[in-house]
Amino acid sequence: MARTRDAEQAGEARRAQILAAAMTLFAEKGYRGTSLAAVAEAAGITRSGVLHHFSSKEALLSAVLAERDVQAFDAVEVDRAYEGPAALRALDIVDKLAASNAGNREFTRLSHLALFGSADAPEVAQDWSNERLRTYRDNLARVLEESVAAQEVRADIDADAIALLIVGAVTGLTEMWLRDESFDMVAAVRTLTGVLRRDLAPDRG
């Protein structure tokens, strides 16, 4: 049993090593500019060693994108218990995600691999991007609707429209920052969420 556990732990460590190397290379050189041989060299193993854990380059990219989401949400403690209106907590998470993205340009570039019709993005990345944006928008709308039901925000808001505004604005602001690092994406996102906090506040009069 001990040997089995040791082997499993070694396999998990090797898989994490491959993912880390692939994440960096995909972000720096793009999908088509990164070969499995290059990932293997960066991870310190053979190409066949990479294929032992991931059946193809597309499968590796899928795993990298999933790991990118896990790390992003861990960074902002998305599952942390909180007090107060859920809608305001959601806006706090939007701010923290922007700050986390700004702290790792390569990491953020990877998540935008499939946006804006990138010729470098394979279908698996495009599918991931579309699903990620849809889920992000739907989750925000649901939180806003729950906050309306709890009378935590104004009752006359359009939850779907506000969720779309947030996702569209943050996506566009991030793309602008990726094109021009001097652009202050974090300040722009915080300005947007600040306006929304004021506008969403219920009328207590």
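What is the volume of the largest pocket? In this predicted model, the largest pocket has a volume of about 730 Å³, and the legends below begin with its lining before turning to the cores, the cavity and some individual residues.

**View 1. The largest pocket and the helices that line it.** The lining of this pocket, with its volume of about 730 Å³, is made up of 32 residues, among which Phe73, Ile93, Leu97, Tyr136 and Asn139 are the closest to the pocket centre. Helix 4 (57–75), helix 5 (86–102), helix 7 (123–149) and helix 8 (159–179) each contribute at least two residues to the lining, and the largest share, 9 residues, belongs to helix 7. Sorted by class, the lining of the largest pocket consists of 19 nonpolar, 7 polar and 6 charged residues.

**View 2. The largest nonpolar core, centred in this view on Leu60.** This core has 28 residues, and those touching the most other members are Ile18, Phe26, Val39, Val50, Leu60, Val64 and Leu110. Two or more residues each come from helix 1 (2–29), helix 2 (36–43), helix 4, helix 5, helix 6 (105–111) and helix 7, with helix 1 giving the most to the core, namely 8 residues. When neighbours within four places in sequence are left aside, Leu60 is in contact with Ile18, Leu19, Ala22, Phe26, Leu36, Val39, Val50 and Phe54.

**View 3. A second, separate nonpolar core.** Besides the core that includes Leu60, there is a separate one of 27 residues, whose members include Val143, Leu144, Ala163 and Trp177.

**View 4. The largest cavity and its nonpolar lining.** Searching the whole structure for cavities of 30 Å³ or more gives 1, and the largest cavity encloses about 30 Å³ of space. The residues that line the largest cavity are Ala87, Ala90, Leu91, Leu140, Val143, Leu144 and Ile166, and helix 5 and helix 7 are the elements that give two or more residues to this lining. By class, the lining of the cavity comprises 7 nonpolar residues, with no polar and no charged ones.

**View 5. The buried residues of helix 2 and the glycine that follows the helix.** Leu36, Val39, Ala40 and Ala43 are buried in helix 2. These four residues lie on the same side of helix 2 because they cover an arc of only 100° around its axis. In an α-helix there are 3.6 residues a turn, so residues three or four places apart point the same way. After helix 2 comes Gly44, which has a positive phi, near 75°.

**View 6. Thr174, a buried residue of helix 8.** Thr174 belongs to helix 8 and has a relative accessible area of 3%, so Thr174 counts as buried, the cut-off being under 20%. Not counting residues up to four places away in sequence, Thr174 touches Thr108, His112 and Met185.

**View 7. Gln151, in the loop between helix 7 and helix 8.** Although Gln151 is not a glycine, its phi is positive, at about 60°. Gln151 is placed in the loop between helix 7 and helix 8, and its relative accessibility is 61%, so Gln151 counts as exposed, for which the cut-off is over 50%.

Methods. Residues are numbered from 1 along each chain as its sequence is written. This is a predicted model: local features need pLDDT of at least 70, side-chain atom pairs count only at pLDDT 80 or more; totals for chains, interfaces and linings use all residues. Side-chain values use heavy atoms; hydrogens and water are left out. On a 1 Å grid over the protein atoms alone, a cavity is a set of points where a 1.4 Å probe fits but cannot get out, and a pocket is an open set with protein on both sides within 12 Å along at least five of seven lines; lining residues have an atom within 4 Å of a point. Grid points are joined across faces, edges and corners, and a volume is the space filled by probe spheres set on the points. Ala, Val, Leu, Ile, Met, Phe, Trp, Tyr, Cys and Pro count as nonpolar, Asp, Glu, Lys and Arg as charged, and the others, Gly among them, as polar. A nonpolar core is a set of buried Ala, Val, Leu, Ile, Met, Phe, Trp, Tyr and Cys residues joined through side-chain atoms within 4.5 Å. Buried means under 20% relative accessible area, exposed over 50%, partly exposed in between (1.4 Å probe, protein chains only). Contact means heavy atoms within 4.5 Å. The arc is that of the directions from the helix axis to the C-beta atoms.
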